[in-house]
Amino acid sequence: MHVVLRSSQARGEWSMRAHKNRKHIENILKAQAQRFGVKLLEFANGGDHLQMVLRIPDRDSFHSFLRTVSGMIAMKVSDSAKTRALKTKFWDFRPWTRVVEWTQGVSLAVDDLIHQHLEKIGLILNLPRDYHRYFKEAPA
């Protein structure tokens with residue numbers, strides 16, 4: 001399963017890539033994945049969005065994993081609590097998900113995660129996703 005969580009409020013101090021938030025988010029994801037039996041195959045932190053490739057045992061575990069992870073991350077990043085609630089929602093939309101085929105689909109999703117990360121840090125140009133059609137052969 002390919003999952004994307006996005007927040008437009010995750011900027012500056014609330015960025016999920018901020019030094020104080022990065023490790024907390026990783027720890028939350030790993031701990032909750034273990035708790036609910038979800039296998040976290042790949043994870044990318046884009047600062048304002050999180051992308052994950054998961055292997056889930058069943059629908060209930062997946063639902064519980066997403067519910068707890070999204071709540072814990074929002075509370076940790078925004079420094080809110082039950083007694084100090086946020087005035088606006090932290091997450092923009094419900095999580096975007098798609099089912100990916102185990103062999104080829106996962107590697108495509110992971111390749112896309114890596115491509116987006118390299119674009120974001122400026123190591124490669126922002127090429128169109130169908131850039132391979134511009135080459136007659138695979139580039140060397």
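**An aromatic cluster, salt bridges and two pockets**

Ring pairs tie W14, F90 and W91 together into a cluster. The model is a predicted one, and the cluster is a handy place to start looking around it. Two aromatic pairs turn up in the structure. In one of them, the ring centres of W14 and F90 sit 6.2 Å apart with the planes at 55°, so this pair falls into the tilted class. The partners come from distant parts of the chain, 76 residues apart: W14 belongs to the loop between β1 (2-6) and α1 (19-36), while F90 belongs to the loop between α2 (59-78) and β4 (96-98). The other pair joins F90 to W91, with centres 5.0 Å apart and planes at 85°, so here the arrangement is edge-to-face. F90 thus takes part in both the contact with W14 and the contact with W91.

How buried or exposed are the members of the cluster? F90 is buried, at a relative accessible area of just 3%. W91 also counts as buried, because its relative accessibility of 14% is under the 20% cut-off. W14, at 24%, goes down as partly exposed, because buried would require a value under 20%.

Charged side chains give a second set of contacts. In general terms, side chains of opposite charge can pair when their charged atoms come close. A search through the whole structure picks up five salt bridges. One of them runs between D92 and R6, whose closest N and O atoms are 4.0 Å apart. D92 lies in the loop between α2 and β4 and R6 in strand β1, so this salt bridge ties together parts of the chain that are 86 residues apart in sequence. Both partners count as partly exposed, D92 at 27% relative accessibility and R6 at 36%. The pair is also part of something wider, as R6, D48 and D92 are linked in a network of salt bridges.

Two further salt bridges can be described in the same way. E13 pairs with K20, with 4.0 Å between the closest N and O atoms. E13 is exposed at 59% relative accessibility, whereas K20, at 41%, is partly exposed. E26 pairs with K30, and their closest N and O atoms are 3.7 Å apart. These two residues both sit in helix α1, four residues apart, which is about one turn of the helix. E26 is partly exposed at 23% relative accessibility, while K30 reaches 51% and counts as exposed, because the cut-off for that class is over 50%.

Strand β1, which carries R6, deserves a closer look. Four of the five residues of β1 are buried, so the strand is largely enclosed by the rest of the structure. R6, as noted, is partly exposed at 36% relative accessibility. Which strands does β1 pair with? With β3 (residues 49-55), β1 forms five bridges in the antiparallel sense, and R6 stands opposite H49 of β3. With β4, β1 shares three bridges, again in an antiparallel run, and here V3 stands opposite T97. R6 therefore has two kinds of partner, because it ties the β1 strand to D92 in the loop between α2 and β4 and also faces H49 across the strand pairing.

Finally, the pockets. The largest pocket has a volume of about 180 Å³. Its lining consists of F62, H63, L66, R67, R94 and P95, which split by class into three nonpolar, one polar and two charged residues. The second largest pocket holds about 160 Å³ of space. Lining this one are A74, L86, T88, K89, F90, W91, D92, F93 and R94, and by class they come to five nonpolar, one polar and three charged residues. R94 appears in the lining of both the largest pocket and the second largest.

The second largest pocket brings several threads together. F90 and W91, from the aromatic cluster, are in its lining. So is D92, the salt-bridge partner of R6.

Conventions
Residues numbered from 1 in each chain as written. Predicted model: local features only at pLDDT ≥ 70, side-chain atom pairs only at ≥ 80, totals over all residues. Heavy atoms only, no water. 1 Å grid on protein atoms, 1.4 Å probe; cavity = no way out; pocket = protein on both sides within 12 Å on 5 of 7 lines; lining within 4 Å. Points joined across faces, edges and corners; volume = space filled by probe spheres on them. Nonpolar A, V, L, I, M, F, W, Y, C, P; charged D, E, K, R; others polar. Phe/Tyr/Trp six-rings, centres within 6.5 Å; stacked < 30°, edge-to-face > 60°. Buried < 20%, exposed > 50% of the residue type's maximum accessible area, 1.4 Å probe, protein only. Salt bridge = Lys/Arg side-chain N within 4 Å of Asp/Glu carboxyl O. Pairing = 2+ DSSP bridges.
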